[in-house]
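Me: I've got a model open and want to talk through how a few of its pieces fit together. Can we take it step by step?
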Amino acid sequence: MRSRTIAGLALAVLSAATFGTSGSLAKGLLDTGWSPLAAVTWRVGVAALVLLVPAALMMRGRWHLLRTGWMSMALFGLLAVAACQLTYFLAVERISVAVALLLEYLGIILVVGWLWLRHGQRPRPLTIIGAAVAVAGLVFVLDVFGAVEVDLLGVVWGLCAAVGLAVYFVVSADDSTGLPPLVLATGGLTIGTVALLVTGLLGILPMTTATTDVHLAGADLPWWGAILTLGVVAAAIAYATGIAATRRLGSKLASFVGLTEVMFSFVWAWILLGQMPAAIQLLGGLLILGGVVLVKLDEKPDDLHPGEPQPQEESQPEPAAV
């Protein structure tokens, strides 16, 4: 199981690093006149198109798996992709970005609670301590000690985003349907794109685009270049590697490793936007890593797939590579 865990951790870090680019890339687009809904829709739509062919090839001779896996795809697309991102932006309209992001990442606590209620995995002391340390790290990283305006409805939208994030980790970890990680990501992104398009057509949020060059890392990037990077790197690679990592690590550990996305987002903001994180944010990053280590130390073999027997490593089938 050691090699499986190492591979899972590597994929999880890669996923967090690529997810972390989304904020800076989206900020560049928003500054040129793109609306949040338009940027998100193009992001997941491009990702779905990029993954469509390899996902279809992976399903050759196994299309029957869609009969048992369509529910997971629907949950992933509607809640983990479309609803999570949409409610996060609705929260940002009413409360600060820092508070909204902190509320969204409370989804990791919801994962621990779900595993406790659904699978009887009572959180052990190190898991509780690790959760507290990681959340404390988020508080430092997001610098929420400053003056912030908290709106009740904004808090509700932020908590809804947390539910979407929790669904992402729980659904990603469930391999009972037999769907390869890449197929689950593609199906979810496709469903999410349709849901976001419907949201725009209903007028819930404006769907505005622009053709102005995007300024990143001291250079001007064509709008289509920013969109392709947002779709391929921040969505296609991020979602595919994230699901593959969660299959190997389980939803609990993967969700805590996913917290490193916050640190990566600051690194990318420094590189692409020239925004240097403060010392208190670097301290928060160390606390996040400490929380992840504590959760890993507290993990037992049955945390990966609760309720299922754990085969020996030599007989453990590896999920499809992404």
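Me: Which elements do the buried residues of helix 2 pack against?

Reply: Bear in mind that this is a predicted model. The buried residues of helix 2 are Thr21, Ser22, Ser24, Leu25, Ala26, Gly28 and Leu29. They pack against helix 1 (2-19), helix 3 (36-58), strand 1 (214-216), helix 10 and helix 12 (260-273).

Me: OK, take helix 2 and helix 10: is helix 2 roughly parallel or roughly antiparallel to helix 10?

Reply: Helix 2 covers residues 21-31 and helix 10 covers residues 223-249; they pack with their axes 10 Å apart, at an angle of about 160°. Angles over 145 degrees count as roughly antiparallel. So helix 2 is, relative to helix 10, roughly antiparallel.

Me: And what is the handedness of the crossing of helix 2 and helix 10?

Reply: The angle of about 160° alone doesn't settle the hand for you. The crossing of these two, helix 2 and helix 10, comes out left-handed.

Me: How many residues in the contact of helix 2 with helix 10 are charged?

Reply: From helix 2, the contact takes in Thr21, Ser22, Leu25, Ala26 and Leu29. Helix 10 brings Trp223, Ala226, Ile227, Thr229, Leu230, Val233 and Ala234. Sorted by type, there are 9 nonpolar and 3 polar residues, and the number of charged ones is: no charged.

Me: Let's zoom in on Ser22. Is Ser22 buried or exposed?

Reply: Ser22 sits in helix 2. Leaving aside neighbours within four places in sequence, Ser22 is in contact with Arg43, Leu230 and Ala234. Its relative accessible area is 15%, and the cut-off is under 20%, so Ser22 is buried.

Me: Which residue takes a positive phi just after helix 2?

Reply: Look just past the end of helix 2, where phi is about 115°. The residue there is Gly33.

Me: Now helix 1. How far apart are its end C-alpha atoms?

Reply: Helix 1 has 18 residues, so at 1.5 Å a residue it should span 26 Å. Its buried residues include Arg4, Leu11 and Phe19. The model agrees with that expected span, with the end C-alpha atoms of helix 1 apart by 25 Å.

Me: One last serine: is Ser72 buried or exposed?

Reply: Ser72 belongs to helix 4, residues 66-92. Not counting residues up to four places away in sequence, Ser72 touches Val171, Asp174, Thr177 and Leu184. With a relative accessible area of 12%, and a cut-off of under 20%, Ser72 is therefore buried.

Technical notes
Residues numbered from 1 in each chain as written. Predicted model: local features only at pLDDT ≥ 70, side-chain atom pairs only at ≥ 80, totals over all residues. Heavy atoms only, no water. Helix = DSSP H or I, 4+ residues; strand = E, 2+ residues; numbered from the N terminus. Buried < 20%, exposed > 50% of the residue type's maximum accessible area, 1.4 Å probe, protein only. Contact = heavy atoms within 4.5 Å. Axes fitted to C-alpha atoms, helices over the stretch in contact; angles between N-to-C directions. Parallel < 35°, antiparallel > 145°, perpendicular 65-115°, else oblique. Left-handed = near helix turned anticlockwise from the far one by under 90°. Nonpolar A, V, L, I, M, F, W, Y, C, P; charged D, E, K, R; others polar. Expected span 1.5 Å × (residues − 1).
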